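Reader: I'd love a close look at a single part of this model, the barrel and what packs around it. Could you walk me through it strand by strand, with the residues that matter for the picture?

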Amino acid sequence: MNVSYKDLGLVNTKEMFAKAVKGGYAIPAFNFNNMEQLQAIIKAAAEQKSPVILQVSKGARNYANQTLLRYMAQGAVEYAKELGWEKPQICLHLDHGDSFETCKSCVDYGFSSVMIDGSALPYEDNIALTKKVVEYAHAHDVTVEAELGVLAGVEDEVAAEESHYTKPEEVIDFATRTGCDSLAISIGTSHGAYKFKPEQCTRDPKTGRLVPPPLAFDVLHEVEKKLPGFPIVLHGSSSVPQEYVDIINANGGKLPDAVGIPEEQLREAAKSAVCKINIDSDSRLAFTAAVRKTLTEKPAEFDPRKYCGPARDLMVELYTHKIVNVLGSNNKA
Ligand SMILES: [Zn+2]
């Protein structure tokens, strides 16, 4: 049975992006796969009155089930109201849709926004596929994110060896012919907790930690010039907080040389036409760090609430930090 996101209390990205571009901040797009993650996202967003995008990847759909995730998002709207957020601005978004059929099924199933990722296809094929999704989605008032350029890294089933920066000379043609509502571009962000190989980085002589190469702000600024005011999206924008990596490694984990995007660069991007920043790995790291630490300190514990609870608390802290100190989306909803 088809259902409209409007009946679930969700919103599409149109208004939140327009305000974010004008206001010089970015909307957080947090992936979720389970209840604790969703609770933490909603708690942080409700407390900070930040519009928020709940992202569901193909991996999440396989792990948790698409139907269940949709009802969880519906529940999240009600939970947000219970927390005192009168008019929650919550979008349910398909992350990296890989076909027209997947996108259609999400539109029919209560998603308010979808991404069609044709970035691995030849340019004209990407346009044709994106256009087809846009036509269907717009008929249901669902917004569409498209992608030009290729990000390196691994995220669920999305993987590429090398990145290819978005070509600014293509963006006007692409946005005009597809009618997409926002565009994910490649400027050096990357999926996963290992965003760069050690040989791409320098090493801080004091700490011994890897220092990643800077984002290609020149490409971003060229794109902004070509498409003034058009909503731009950054994928793979976790910062891989080293304190989480250290906790994980100190408690039996093994994440050597995990490295992300420095937050000051994301802060700078959020002030530009970048109005959606995707963060997934950081929440995975927070969850894992809290679980590992709790289980090390309390080896006799076997009640999942006793280690998922601290994980949820740490994720609330992380999401709140991102909203307030990196994206600047607090008090915008
Ligand atoms: Zn992505």
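Author: Helix α12 lies across β1 and β13, and its direction makes an angle of about 150 degrees with β1. Please keep in mind that this is a predicted model. The strands under the helix belong to a barrel: eight strands close up in the order β1-β2-β3-β4-β5-β8-β12-β13, with parallel pairing. From one strand to the next, the twist averages 25 degrees.

Let's go round part of that barrel, starting at β1. Residues 27-31 form β1, and this strand pairs with β2, residues 52-56, in the parallel sense over three bridges. Within this pairing, Ala29 stands opposite Ile53 of β2. Ile53 also looks towards the next strand, since its bridge partner in β3 is Cys91. The pairing of β2 with β3 is again parallel and runs over five bridges.

What about the surroundings of β3: how many of its eight residues are buried? Eight of the eight are, so β3 is largely enclosed by the rest of the structure. On to its other neighbour: β3 and β4 pair in the parallel sense over three bridges, and Leu94 has Val114 as its bridge partner in β4.

β4 is a nice strand to pause on. In a regular strand, side chains alternate between the two faces of the sheet. In β4, both faces are covered: Ser113 and Met115 are buried on one side, and Val114 and Ile116 are buried on the other.

Between β3 and β4 in the numbering comes a helix worth a look, α5, which spans residues 100-108 and has Cys103, Cys106 and Val107 buried. These three residues sit on the same side of α5, because they cover an arc of only 100 degrees around its axis. The cover over the buried residues of α5 includes β3 and β4, together with α6 (123-138). Just after α5, Gly110 takes a positive phi of about 105 degrees.

Now for the nonpolar packing. The largest nonpolar core has 99 residues, and Ile41, Leu54, Val114 and Leu183 are those with the most contacts inside it. Helix α12, residues 304-327, supplies the largest share of this core, with nine residues. Which residues does Ile41 touch, leaving aside its neighbours within four places in sequence? They are Phe30, Phe32, Val52, Leu54 and Tyr319.

Further round the barrel, there is a glycine to notice. Gly236 is found in the loop between β12 (232-234) and α9 (242-250). Gly236 is buried, because 26 other C-beta atoms lie within 10 Å. Its C-alpha atom and that of Ile277 are separated by 8.2 Å, although the two residues are 41 residues apart along the chain.

Finally, a step back to the whole chain. The protein chain holds 12 helices and 13 strands, and 51% of its 333 residues count as buried. Of the contacts with a separation of 6 or more, 74% come from residues 24 or more positions apart. Along its principal axes, the C-alpha trace spans about 60 × 50 × 35 Å. The radius of gyration is 19 Å, which agrees with the value near 20 Å for a compact globule with 333 residues.

Notes. Residues numbered from 1 in each chain as written. Predicted model: local features only at pLDDT ≥ 70, side-chain atom pairs only at ≥ 80, totals over all residues. Buried ≥ 20, exposed ≤ 12 C-beta atoms within 10 Å, placed from the backbone. Helix = DSSP H or I, 4+ residues; strand = E, 2+ residues; numbered from the N terminus. Arc of directions from axis to C-beta. Contact = placed C-beta atoms within 7 Å. Core = buried A, V, L, I, M, F, W, Y, C linked by C-beta atoms within 7 Å. Pairing = 2+ DSSP bridges. Axes fitted to C-alpha atoms, helices over the stretch in contact; angles between N-to-C directions. Rg over C-alpha atoms; globule rule 2.2 N^0.38 Å.
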